[in-house]
2 protein chains.
Amino acid sequence: MKSYVEMSREELANERAMLKSMYEKYKEMGLALDMTRGKPSPEQLDLSVGMYSNLSKDGYKAKDGTDTRNYSCPAGINDMREVFAQILDTTYDKIFLGNSSSLNQMFDSIMRAMVFGEHDSDKPWAQIEGRKWLCPAPGYDRHFRVTETLGFELITVPMTESGPDMDVVEELVKDEKVLGIWCNPVYSNPDGIVYSEETCRRLASMKTAAKDFRIYWDNAYVIHHLSDDKAKQGKVPDILGLCEEYDNPSRVYEFASTSKVTFAGAGISCIAANKDNLDYAKKIMAVQTICNNKVNQLAHARMLPDLKAVMAHMSKHAGILRPKFEMVDKVLSENLDGTGVATWHKPMGGYFVSLFVMPGTADKVVQMCKDAGVALTPAGATYPYGKDPANSNIRIAPSFPSVSDIEQAVNVLAVCAKITAIDKILEA
Amino acid sequence: MKSYVEMSREELANERAMLKSMYEKYKEMGLALDMTRGKPSPEQLDLSVGMYSNLSKDGYKAKDGTDTRNYSCPAGINDMREVFAQILDTTYDKIFLGNSSSLNQMFDSIMRAMVFGEHDSDKPWAQIEGRKWLCPAPGYDRHFRVTETLGFELITVPMTESGPDMDVVEELVKDEKVLGIWCNPVYSNPDGIVYSEETCRRLASMKTAAKDFRIYWDNAYVIHHLSDDKAKQGKVPDILGLCEEYDNPSRVYEFASTSKVTFAGAGISCIAANKDNLDYAKKIMAVQTICNNKVNQLAHARMLPDLKAVMAHMSKHAGILRPKFEMVDKVLSENLDGTGVATWHKPMGGYFVSLFVMPGTADKVVQMCKDAGVALTPAGATYPYGKDPANSNIRIAPSFPSVSDIEQAVNVLAVCAKITAIDKILEA
């Protein structure tokens with residue numbers, strides 16, 4: 001297809017008329033398609049349907065004899081700590097198991113720092129006026145919302161193909177008010193970018209003005225590959241090990257969960273940290289609660305006893321997800337290749353496709369889609385304060401809808417992207 | 001038996017020699033008995049052993065069709081909110097379901113107030129220098145530890161047979177630095193006291209200097225009766241309703257859980273609050289997490305669909321617990337009646353027996369028990385800062401050990417109480 005910017009005004013007007021009539025047809029179809037959030041589909045949830053079926057066998061006991069039904073074991077049963085250690089390429093003693101939500105653990109971690117400070121802080125973070133947090137963007141809206149709600153100024157860091165722009169990060173952390181950074185290192189939300197080893201090493205080794213600076217390493221999609229082909233699978237180094245190697249052992253909190261492995265609303269989350277961070281956090285968490293849900297930990301450990309079992313399970317997820325991601329790419333390509341009005345990532349894993357439409361049009365595209373019954377994450381959501389300075393990025397979440405629904409929804413999206421692009425060009 | 005204080009020194013010396021030889025015999029037995037914590041016994045946990053067996057039936061769906069396996073429903077599924085509403089004599093819209101630990105919800109609630117303030121606060125509580133919290137004592141050590149850790153000065157309030165001494169409370173809340181009070185209204189930990197209606201009304205209606213004063217109403221044992229006889233069952237009025245009646249609608253957060261209904265480490269907890277408090281908390285909790293574990297909520301709701309099912313289930317618990325409490329009372333009576341050196345409560349429910357030994361001896365009694373292989377909650381634990389001013393109260397937790405272990409342990413305890421009492425009298 002001819003690039004829109006090379007078209008004459010007349011060609012554009014004709015193209016627009018054709019697209020508009022397609023759009024009106026979509027509108028008449030009364031669609032109700034939802035691609036707003038990275039939710040697993042029922043088919044994916046069905047993969048774990050038998051998880052609770054053999055719990056009463058051996059009396060709900062963990063391998064070491066712990067009765068998971070009773071109080072005890074604040075850090076969680078070793079059976080499941082070991083599984084997460086294998087997933088995160090670390091050791092089980094660095095793992096603390098939470099309940100279902102890793103976001104909850106991130107929030108609670110920063111809350112602890114707010115009220116008590118970190119073990120290496122001079123004072124509680126709540127007392128630091130003008131505290132700041134680095135937000136590589138596009139990024140995860142819920143991350144940004146945590147630090148915004150907790151009174152941090154959010155500083156946008158551009159994303160590159162190898163992770164956050166480290167030249168920018170290294171400059172920004174010279175400010176002692178900058179206390180941390182959100183990272184989503186494998187198949188980043190929404191771009192699907194895998195941080196390069198160099199990025200990881202620079203994050204672990206950089207000099208920060210704040211001695212209690214923290215990396216929040218949300219490894220949400222660490223094993224969420226779309227392909228079984230090892231060569232195509234993203235992998236980053238063990239960040240805990242790297243931070244130790246560079247003599248910044250307390251710099252990082254790592255997080256993961258089984259929300260997109262077993263059940264999104266009933267999985268197991270974990271925090272991984274070095275001994276100083278974990279001992280400090282555990283002291284406060286021991287005041288907060290006696291223990292988390294160990295029966296659910298046991299259910300997980302029995303179904304997924306080791307990394308091999310986990311990866312076999314993840315391969316089934318990939319089998320369900322791959323056709324959906326392929327459909328997104330196919331429809332976008334068919335509609336947009338050559339037009340010059342949009343680009344998008346082709347992620348090898350994770351839960352999203354990040355689409356960049358013509359600058360200044362993303363909000364209009366999302367609104368037009370909504371009017372035609374296709375719900376997308378609000379434009380801007382992937383940036384701090386919900387404001388994309390280029391008004392260009394749209395996050396597509398293809399996991400929940402069916403392949404045919406995706407085909408329809410992305411066709412609508414592409415038509416809307418083209419119409420708004422033409423309007424933008426004609427305006428100029 | 002003759003009262004010790006009426007005995008001659010010679011009689012006391014003889015009595016002591018006899019007791020000492022009994023104690024030495026116990027010591028030689030190499031006992032290892034644990035009565036430190038209010039843990040359900042395996043027999044109690046077995047009552048809920050089938051809880052997860054029919055989850056996959058109907059595809060893990062709540063009554064309204066919600067797929068409990070996926071994200072959604074931050075306040076929890078209505079099926080289980082309704083059960084808690086019946087338990088707490090309120091309505092389901094006031095109920096927010098958490099994960100397994102109600103202590104976690106209490107901690108998080110005060111953390112929110114610390115960082116954000118309450119909806120009716122002038123500023124975050126962390127900014128209130130010299131903030132104070134009322135602690136009816138004897139009370140629950142984990143309550144006290146939360147507010148101590150969060151920088152509150154703990155103010156001891158004496159317990160009476162009808163709850164906290166309200167004359168004292170009403171005086172103390174004239175101080176605007178006093179921001180809250182711990183209450184455990186039904187079968188209080190450790191005394192087993194049930195607050196009178198008058199106490200509840202005075203708490204709901206009293207004038208507090210702090211306009212954002214909060215009652216933390218931990219209704220942990222609300223349905224944990226030892227008897228099926230309704231006349232013997234403790235009951236307090238719905239505190240949310242009372243606070244509304246007296247025009248202090250935001251004064252109270254109420255908490256409950258199924259920790260001692262189903263599984264201590266894997267139950268469902270809830271917070272109950274009026275609309276203003278709940279809306280305010282939910283706004284922050286929506287940043288903290290997407291949702292809590294709804295699969296576990298569904299498992300609970302299917303096994304215990306309404307109050308009737310819950311009470312039938314609790315009756316089975318009572319059947320297991322009653323003989324244990326009776327044994328504690330029997331052994332204490334046999335050993336201590338008439339000696340004048342100890343008193344204790346005869347609770348109609350809950351998890352503890354509160355024993356008062358001769359003032360100034362509780363720590364020695366606990367140490368002697370420990371030396372003989374009987375572990376008790378540390379003396380003083382039931383008071384703020386772990387310091388019982390009278391050094392008299394000992395909390396007995398009879399739920400976990402077997403009846404015969406209890407018999408032995410309480411015999412040891414009684415012997416130790418008598419020896420230390422005699423020493424005390426002889427010292428004087």
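**Close-up views of a two-chain model**

**View 1. Helices α4 and α5 of chain B pack side by side at an angle of about 20°.** Their axes are 10 Å apart. The model shown here and in the views below is predicted. Angles under 35 degrees count as roughly parallel, and α4(B) is therefore roughly parallel to α5(B). The crossing in which α4(B) passes α5(B) is right-handed. From α4(B), the residues B:Leu103, B:Met106, B:Phe107 and B:Ile110 take part in the contact. They meet B:Arg142, B:Val146 and B:Thr147 in α5(B). Sorted by class, this contact has 5 nonpolar, 1 polar and 1 charged residues.

**View 2. Helix α4 of chain A meets helix α4 of chain B.** Two packed helices are described by the angle between their axes and the distance between the axes. Here the axes come within 10 Å and cross at roughly 55°, which means that α4(A) is oblique to α4(B). The crossing is left-handed. Which residues of α4(A) meet α4(B)? They are A:Met111, A:Met114 and A:Val115, and they meet B:Met111, B:Met114 and B:Val115. The contact of α4(A) with α4(B) has 6 nonpolar residues, no polar residues and no charged residues.

**View 3. Chain A and chain B touch through 43 residues from each chain.** On the side of chain B that touches chain A, at least two residues each come from α2 (42-46), α4 (102-116), α5 (141-149), α9 (275-288) and α10 (294-303) of chain B. Which helix gives the most to this side of chain B? It is α4(B), with 6 residues. By class, this side of chain B has 21 nonpolar, 16 polar and 6 charged residues.

**View 4. A turn of 180° lays chain B on chain A.** The RMSD of this fit is 0.0 Å, and the shift along the axis is 0.0 Å. The two copies are therefore related as by a two-fold rotation axis. The same surface serves both copies, as 100% of the contact residues of chain B recur in chain A.

**View 5. Helices α1 and α13 of chain A cross at roughly 145°.** Helix α1 covers residues 9-28 and helix α13 covers residues 403-427, and their axes come within 9 Å. In passing α13(A), α1(A) makes a left-handed crossing. Among the residues of α1(A) in this contact are A:Leu12, A:Leu19, A:Met22, A:Tyr23 and A:Tyr26. Residues of α13(A) in the contact include A:Val412, A:Val415, A:Ile419, A:Ile422 and A:Leu426. The contact of α1(A) with α13(A) has 12 nonpolar, no polar and 5 charged residues.

**View 6. Three strands of chain A form an open sheet in the order β10-β11-β13.** The pairing is antiparallel. β10 (343-344) and β13 (393-396) of chain A stand at the edges and have a single partner strand each, so one side of each is left without a neighbour in the sheet. Between β10(A) and β11 (residues 353-356) of chain A there are 2 bridges. A:Thr343 has A:Phe356 in β11(A) as its bridge partner.

**View 7. Chain B has an open sheet of 3 strands in the order β10-β11-β13.** Its strands pair in an antiparallel way. Which strands of this sheet are at the edge? They are β10 (343-344) and β13 (393-396) of chain B, and each pairs on one side only. β10(B) is joined to β11 (residues 353-356) of chain B by 2 bridges. Opposite B:Thr343 stands B:Phe356 in β11(B).

**View 8. Three loops hold backbone features of interest.** Most residues other than glycine have a negative phi, and most peptide bonds are trans. The peptide bond from A:Asn189 to A:Pro190 is cis, with omega near 5°. A:Pro190 lies in the loop between β6 (178-183) and α7 (197-205) of chain A. In chain B, the peptide bond from B:Ala137 to B:Pro138 is cis, also with omega near 5°. B:Pro138 is found in the loop between β3 (132-137) and α5 of chain B. B:Asp89, a residue other than glycine, has a positive phi, near 60°. The loop that holds B:Asp89 runs between α3 (78-88) and β2 (95-97) of chain B.

Technical notes: Residues numbered from 1 in each chain as written. Chains lettered and ligands numbered in written order. Predicted model: local features only at pLDDT ≥ 70, side-chain atom pairs only at ≥ 80, totals over all residues. Least-squares fit on C-alpha atoms with pLDDT ≥ 70 in both. Contact = placed C-beta atoms within 7 Å. Helix = DSSP H or I, 4+ residues; strand = E, 2+ residues; numbered from the N terminus. Nonpolar A, V, L, I, M, F, W, Y, C, P; charged D, E, K, R; others polar. Pairing = 2+ DSSP bridges. Axes fitted to C-alpha atoms, helices over the stretch in contact; angles between N-to-C directions. Parallel < 35°, antiparallel > 145°, perpendicular 65-115°, else oblique. Left-handed = near helix turned anticlockwise from the far one by under 90°.
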